[in-house]
Structure formats: structure tokens, C-alpha cells
Amino acid sequence: MDAVRDLLNWRSLRWKTCLLVTVCCCAVALTIGTLVHSSTRARSMNDGAAKATATLLRDVEAYEREGFPPPGLRLVPGELPDELLRRLDDRREPEPHHDAVTWYEDPGAGDHPSMWAARIYRGKPVATEIDMTSDLLTRRALDRHMWKYSLLALAVVVPLSALAAELPYRRLRRVARTTRRITDGDLTARTGAGRGNDEITAISATVDSMADSLHQRLLTEQRFTADVAHELRTPLMGLVTASELLPEGEATGLVQDRVRVLRALVEDLLEISRLDAGAECAEPRRVPLAEAVSESVERTGLHTRFTARDALTAETDPRRLDRIVTNLVVNAHRHGRAPVEVTVSGTTVTVRDHGPGFPAALLTGGPQRFRTGAPERGRGHGLGLTIALGQAEVLGASLSFANAPDGGAVATLRLPAAAKRPIHNG
């Protein structure tokens with residue numbers, strides 16, 4: 001389907017190349033045709049004038065020798081065209097001797113043109129006329145052949161140019177597909193530039209180099225996150241223990257609250273580092289989806305509307321499902337506005353708030369760690385949605401983000417349904 005859509009894209013490089021080749025071929029054919037037509041007509045006029053002049057001289061000599069005019073010699077001025085007489089008058093004064101003038105009579109739409117030759121003989125104009133019909137038909141046949149073979153050449157050259165443009169076009173499509181994969185987060189995608197010294201090879205090599213650089217930076221960031229989380233975990237555990245030994249009081253409560261926040265942040269960083277390293281592995285089993293999601297919502301302790309419609313049993317890891325639902329509900333309460341609604345339909349879980357909605361950057365590029373998006377969505381470290389998305393990938397589920405038409409952010413988790421077990425008759 002994509003190949004057909006790509007073939008019908010008239011703005012593609014393939015069709016632009018064909019159009020360019022067609023225009024160039026037409027321009028060359030028109031230029032050569034015009035030159036050949038003009039030169040052929042000029043030669044025809046010269047040959048016709050020479051033939052008419054030779055015929056006139058021969059007829060005049062026969063007239064002098066025999067005393068009576070040959071059948072083709074015109075002696076009556078009234079039988080001669082006015083244009084021929086005018087030209088003859090123009091030549092009479094400076095050259096009163098035997099020079100002949102010629103004139104091509106084209107009847108316009110007719111097919112019987114003539115070539116006239118005239119001179120002054122014994123003080124009177126004499127002329128002869130030769131038929132140029134065969135010459136005209138020859139030129140017309142030549143023009144038809146030129147048109148026919150030009151169209152035939154176009155019918156051959158244009159498809160060949162389309163085939164010749166297909167190879168670089170395929171290479172460009174491969175570069176575009178690789179770029180889209182890199183944009184979608186697959187930094188292992190490469191174009192396979194191969195050998196060559198053209199512009200497409202240079203573009204491919206640049207895309208591969210960019211992907212290598214981005215991949216290396218991402219790995220460095222992931223290693224840094226994991227190292228920081230592991231380094232912080234040991235002193236943090238001592239800090240948690242020390243905070244619990246403090247005497248009760250307002251300051252102690254504040255310290256313990258901040259320690260809990262710091263501990264949650266470190267645990268999130270450790271979880272992200274495991275997801276980045278691919279160390280997480282799901283343990284799926286059949287789970288009644290409505291019941292599992294309802295329990296996850298209750299454990300958050302946040303006022304949330306829960307609705308189940310035709311809920312099914314899902315094949316999933318309940319611990320990771322709980323992590324996803326908890327993060328989505330907490331994120332909706334923290335960055336959105338009440339009421340927050342959780343709906344289970346089939347094997348789909350939808351979490352919606354009525355706040356300002358997700359920022360445009362998140363909708364186009366997905367959640368980014370340490371970025372909460374728009375200020376109106378609140379502040380935070382931006383790890384909740386990132387973890388939820390990573391856990392959904394581990395489960396083989398899809399997690400998408402959108403904004404409701406009437407306002408509010410909508411997160412939709414689609415889980416695979418549990419396979420039906422065969423019934424064994426004992």
C-alpha cells in the first residue's frame with residue numbers, strides 16, 4: 001500500500017526527474033526539428049530558384065533560336081504575378097541586362113506552390129513557372145517523420161529515465177526511513193551508506209554519524225543516571241534510618257517528608273536505569289483487569305472516579321500494571337485538575353484529568369525524563385510518564401497520550417487480551 005501511495009505521489013523525485021527529462025527531450029526535438037525544417041526549406045528554395053532560372057534561360061534560348069516561344073515561356077505581362085513584376089522592376093534600373101529574378105508563390109492553404117523566374121527580354125518581361133508541389137509534399141513528409149520519431153524517442157527515454165531515477169530514489173527513501181526510525185527512538189538504525197562519492201552517500205554517512213553520536217550520548221546519559229542512582233542509594237538509606245531516629249516534631253516531619261521524596265526519586269532513577277539497560281523482564285499471568293486496576297487506584301489514596309465497562313481478562317504482569325496505573329493516576333492529580341477518571345473497557349485502561357492537557361512537545365515526542373513540559377502542568381522531575389511508558393513496552397502493551405476535545409489530558413493503555421484456554425473433557 002505504501003509503495004502504491006509512493007508511486008502515485010506526483011511530487012516525488014522520480015516524477016520530477018521524468019518531467020525534467022521530458023521537457024529536455026521536447027526542447028531538443030523542437031530545436032532540431034525547427035533547424036532541419038528551416039534548412040530544408042532554404043535548400044528547397046535555392047534548388048527551386050536555380051531550376052526555374054535554368055528553365056527560363058533554356059526557354060529564352062529556344063525562343064531566339066526557333067523564333068516562337070516554348071509552351072512554358074510567359075510573354076504577356078498580364079499573365080505574370082504582380083509581386084514578380086514588382087521585383088523585376090526593382091532590378092531593371094541598376095541591372096538592365098539579363099539577370100533573372102525569382103519568386104516563390106505560396107497559395108496558402110493550397111498544395112500547389114510554384115517557383116517563378118523572370119527577366120527582361122527585348123525590353124519586355126518574360127517568365128517561366130515550375131511546380132513545387134512534390135517539394136512541398138517531401139518537406140511535409142519529413143516533418144511528419146520527425147514528429148513521429150520524436151514521440152517514439154520520448155516513449156522510450158521517459159520510462160528509461162524513470163527506471164534510472166529509481167535507484168537514487170530508493171537510496172533516498174532508505175535514508176528517510178532510517179531518519180524516521182531514529183526520530184522514533186531507534187538509535188541503532190543505520191542507512192548502510194555503502195561505497196560511493198555522490199551526494200546521497202554523503203547524506204547517508206552524515207545520518208549514520210548523527211545516529212552514532214546520539215546513541216553514544218544517550219548511553220553516556222544512561223550510565224550517568226545509573227551511577228548517580230547507585231551512588232546515592234547507600235548514603236540515602238543511612239539518611240532514611242537517621243531521620244526515623246529523630247524526635248517527633250514539626251522539623252522532624254519536614255525532614256522525613258523530604259527524605260521520602262528523595263528516596264522516591266532515587267528509586268525512579270534506578271528503575272529507569274534498569275529499563276534502559278533492558279534488564280526488566282515481565283512475568284505475565286491472567287489478570288482480571290477491572291479488579292487489578294481498581295486495587296491500584298485505591299492504593300494511591302487519591303480521589304479518583306473508577307468505571308469498568310465490559311472489562312476482560314488480560315495476560316500481563318500485575319506488578320508492572322500496578323506501577324503504570326499508579327504513575328498515570330498520580331501524574332493526573334499532580335499536573336491536572338479534578339475530576340480524575342479511570343475507565344477500563346475490554347483490555348484498555350484510560351486515565352483522564354480535566355486540567356490544561358499534555359503539552360504539544362509531549363504529544364509529538366513522547367515523555368522526556370526531567371521535563372514536565374508546560375509550566376501550567378506543574379513542576380516535577382518528569383520521570384513518572386517515562387517509567388510508565390518503559391514498563392508498558394516491557395509488558396508488550398501500548399501507551400499513548402492525547403488531549404480530550406473538551407479539555408484535559410488522556411492517557412490510554414492497551415493491553416493484550418488473555419488467550420482462551422482450551423477446555424479438556426475428562
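Okay, let's start with one residue pair: Leu73 has Thr128 as its bridge partner, and Thr128 sits in strand 4. Keep in mind that what we're looking at is a predicted model.

So where does that pair belong? Strand 4 covers residues 124-131, and strand 1 pairs with strand 4 in the antiparallel sense, over 2 bridges. Helix 2, residues 13-66, packs on the sheet here and touches strand 1, strand 2, strand 3 and strand 4. If you look at strand 3, residues 114-121, the direction of helix 2 makes about 40° with that of the strand.

Now the sheet itself. We have 4 strands in an open sheet, the order is 1-4-3-2, and the pairing is antiparallel. Which strands stand at the edges? Those are strand 1, at 73-74, and strand 2, at 101-105. Each has a single partner strand, so one side of each is left without a neighbour in the sheet.

Let's move over to helix 4, residues 133-183, and find Leu160 there. Is Leu160 buried or exposed? Exposed: its relative accessible area is 51%. Leu160 also helps make a nonpolar surface patch of about 590 Å², along with Tyr149, Leu152, Val156, Val157 and Leu163.

Last, let's zoom out to the whole protein. There are 10 helices and 11 strands. It has 426 residues, and 34% of them count as buried. About 26,100 Å² is exposed, with carbon and sulfur atoms supplying 57% of that. And if you take the contacts with a separation of 6 or more, 62% are between residues 24 or more positions apart.

That's my tour, thanks!

Note on methods
Residues numbered from 1 in each chain as written. Predicted model: local features only at pLDDT ≥ 70, side-chain atom pairs only at ≥ 80, totals over all residues. Heavy atoms only, no water. Pairing = 2+ DSSP bridges. Contact = heavy atoms within 4.5 Å. Axes fitted to C-alpha atoms, helices over the stretch in contact; angles between N-to-C directions. Patch = residues over 30% accessible without salt bridge, like charges linked within 9 Å, V, L, I, M, F, W, Y side chains within 5 Å. Areas by Shrake-Rupley, 256 points an atom, 1.4 Å probe, with all protein chains shown as cover. Salt bridge = Lys/Arg side-chain N within 4 Å of Asp/Glu carboxyl O. Buried < 20%, exposed > 50% of the residue type's maximum accessible area, 1.4 Å probe, protein only.
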